[in-house]
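Me: I'd like to learn how to read burial, cores and cysteines in a model. Could you walk me through one?

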Amino acid sequence: MCSCGRNGCLQAYASFRSLDKFVASMGFSDEATLYHWCLRAVQALALAVVNLVELFRVEVVCLGGGLLGRFPEIPQMLSVQLQESGYLKPSLTAPLVMQSPQGTEASLLGGLYLAEANHEVQNEICQGGQGNSKATIRHVGNGLSFISMSTR
């Protein structure tokens with residue numbers, strides 16, 4: 001269960017909170033335990049990426065955030081996982097997986113950008129684009145992009 005109360009959220013599998021819960025359930029923390037959790041997190045990330053590739057034909061996955069500070073091998077592990085049989089349909093190409101240029105600060109910098117943006121930009125990003133678009137990608141410079149999705 002995720003901290004938001006729902007089941008199945010990616011955060012429940014690939015976040016520091018999920019790492020803490022996993023270590024607590026094991027009763028100890030050694031490198032083997034951490035590696036086992038990391039493998040599970042990468043598998044969850046791979047499933048999420050497969051869905052993005054199938055829905056939006058994503059060609060590049062750029063990972064950022066604090067977990068990469070502790071597990072810098074996650075992008076490489078994810079790339080390898082996506083190459084394994086059974087993840088992507090044969091007609092689909094695995095995306096390039098890389099670390100965000102902002103590294104562990106990607107989420108923080110994105111939040112700061114959004115806080116400083118004018119009201120019109122905030123609404124566009126937070127409401128999934130304008131008109132009847134279902135997905136909007138807004139490139140804001142310095143390698144930052146926001147992807148907004150709506151069910152319109």
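Me: Happy to start small: is Ser15 buried or exposed?

Reply: Buried means under 20% relative accessible area, exposed over 50%, and partly exposed in between (1.4 Å probe, protein chains only). Ser15 is buried, at a relative accessible area of 10%. This is a predicted model, where local features need pLDDT of at least 70 and side-chain atom pairs count only at pLDDT 80 or more, while totals for chains, interfaces and linings use all residues. Residues are numbered from 1 along each chain as its sequence is written, and side-chain values use heavy atoms, leaving out hydrogens and water.

Me: Which residues is Ser15 in contact with, leaving aside neighbours within four places in sequence?

Reply: Contact means heavy atoms within 4.5 Å. For Ser15, those partners are Trp37 and Leu67.

Me: Which residues touch the most other members of the largest nonpolar core?

Reply: Such a core is a set of buried Ala, Val, Leu, Ile, Met, Phe, Trp, Tyr and Cys residues joined through side-chain atoms within 4.5 Å. Here the largest has 27 residues, and those touching the most other members are Trp37, Cys38, Leu63, Phe71, Ile74, Leu78 and Leu82. Of these, Cys38 is buried, at 0% relative accessibility. Beyond four places in sequence, Leu63 touches residues including Leu68, Ile74, Leu78 and Val97.

Me: How many disulfides does the structure hold?

Reply: A disulfide is a pair of cysteine sulfur atoms within 2.5 Å. The structure holds zero. For Cys9, the nearest cysteine sulfur is that of Cys4, 3.8 Å away. Cys9 itself counts as buried, with 14% relative accessibility.
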